[in-house]
Amino acid sequence: MITRAPTSVMLNGILGEAPAEHVTLDWLAGRLGHRSFGVILLLLALLGVLPGVSAMAGVLLTIVAFQMILDRPGPAFPRRIATRHVETRRLAAIIRRAVPVLRYLERFIRPRWDTPFTATKGALHRTGEKLP
């Protein structure tokens, strides 16, 4: 089984790669890869706590939730939102607040189990049987 680095470690690494002045939501989603849904949902939820930002964060959360329902590989935002600049120092402040929460959650959260089809396929492969 392949062990993955915790998301909290990945987020700290992203900060090291961030441009000095600003980043975009597209840039962040690209760096997060397959983990982008969960992390972006967490960051938007934390951002939604701030006064004056909660309405926009709620709309973005809704967009991401519908994309998850549609089984998209990662979140995609309208170009106007995806290319909007966020100051790197603000992103760093959000990540600094999110990482302790993530570290706490990572003690309880484990990688998801395989889907029944994937688990069955692996069992058949080990026994030498072929799928129909």
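1. Let's start with a pair of charged side chains. In this predicted model, Arg31 and Glu17 form a salt bridge, and their closest N and O atoms are 3.2 Å apart. Glu17 belongs to helix H1 and Arg31 to helix H2, so this pair ties together parts that lie 14 residues apart in sequence.

2. How exposed are the two partners? Arg31 has a relative accessibility of 38%, so it counts as partly exposed. Glu17 is also described as partly exposed, with a relative accessible area of 49%. For both, the class follows because partly exposed covers the range between under 20%, which is buried, and over 50%, which is exposed.

3. Now for the helices that carry this pair. H1 spans residues 7-17 and H2 spans residues 25-32. The two pack at an angle of about 130 degrees, and their axes are 11 Å apart. H1 and H2 are therefore oblique to each other; angles over 145 degrees would count as roughly antiparallel, and 65 to 115 degrees as roughly perpendicular. As for handedness, the crossing of H1 and H2 is right-handed.

4. Which residues meet where H1 and H2 pack? From H1 come Met10, Leu11, Ile14 and Glu17, and from H2 come Trp27, Leu28, Arg31 and Leu32. Sorted by class, this contact has 6 nonpolar residues, 2 charged ones and no polar ones. Glu17 and Arg31, the salt-bridge partners, are both part of this contact, so it is worth having the two helices in view together when you look at the pair, since Arg31 lies in H2 and Glu17 in H1.

5. How many salt bridges does a search of the whole structure find? There are 2. Besides the pair above, the side chains of Arg89 and Glu87 meet in a salt bridge, with an N to O distance of 2.9 Å. Here Arg89 is exposed, because its relative accessible area is 60% and the exposed class begins over 50%. Glu87, with a relative accessible area of 36%, is partly exposed.

6. Stepping back to the whole chain, you will find 7 helices and 2 strands. Followed along the sequence, they come in the pattern α-β-α-α-α-α-β-α-α.

7. Two totals round off the picture. The chain has 132 residues, and 27% of them count as buried. Among contacts in the chain with a separation of 6 or more, 64% are between residues 24 or more positions apart.

Technical notes:
Residues are numbered from 1 along each chain as its sequence is written. This is a predicted model: local features need pLDDT of at least 70, side-chain atom pairs count only at pLDDT 80 or more; totals for chains, interfaces and linings use all residues. Side-chain values use heavy atoms; hydrogens and water are left out. Axes are lines fitted to C-alpha atoms, for helices over the stretch in contact, and angles run from 0 to 180 degrees between N-to-C directions. Helices (H or I, at least four residues) and strands (E, at least two) are DSSP runs, numbered from the N terminus. Angles under 35 degrees count as roughly parallel, over 145 as roughly antiparallel, 65 to 115 as roughly perpendicular and the rest as oblique. A crossing is left-handed if the near helix is turned anticlockwise from the far one by less than a right angle, and right-handed if clockwise. Contact means heavy atoms within 4.5 Å. Ala, Val, Leu, Ile, Met, Phe, Trp, Tyr, Cys and Pro count as nonpolar, Asp, Glu, Lys and Arg as charged, and the others, Gly among them, as polar. A salt bridge is a side-chain nitrogen of Lys or Arg within 4 Å of a carboxyl oxygen of Asp or Glu. Buried means under 20% relative accessible area, exposed over 50%, partly exposed in between (1.4 Å probe, protein chains only).
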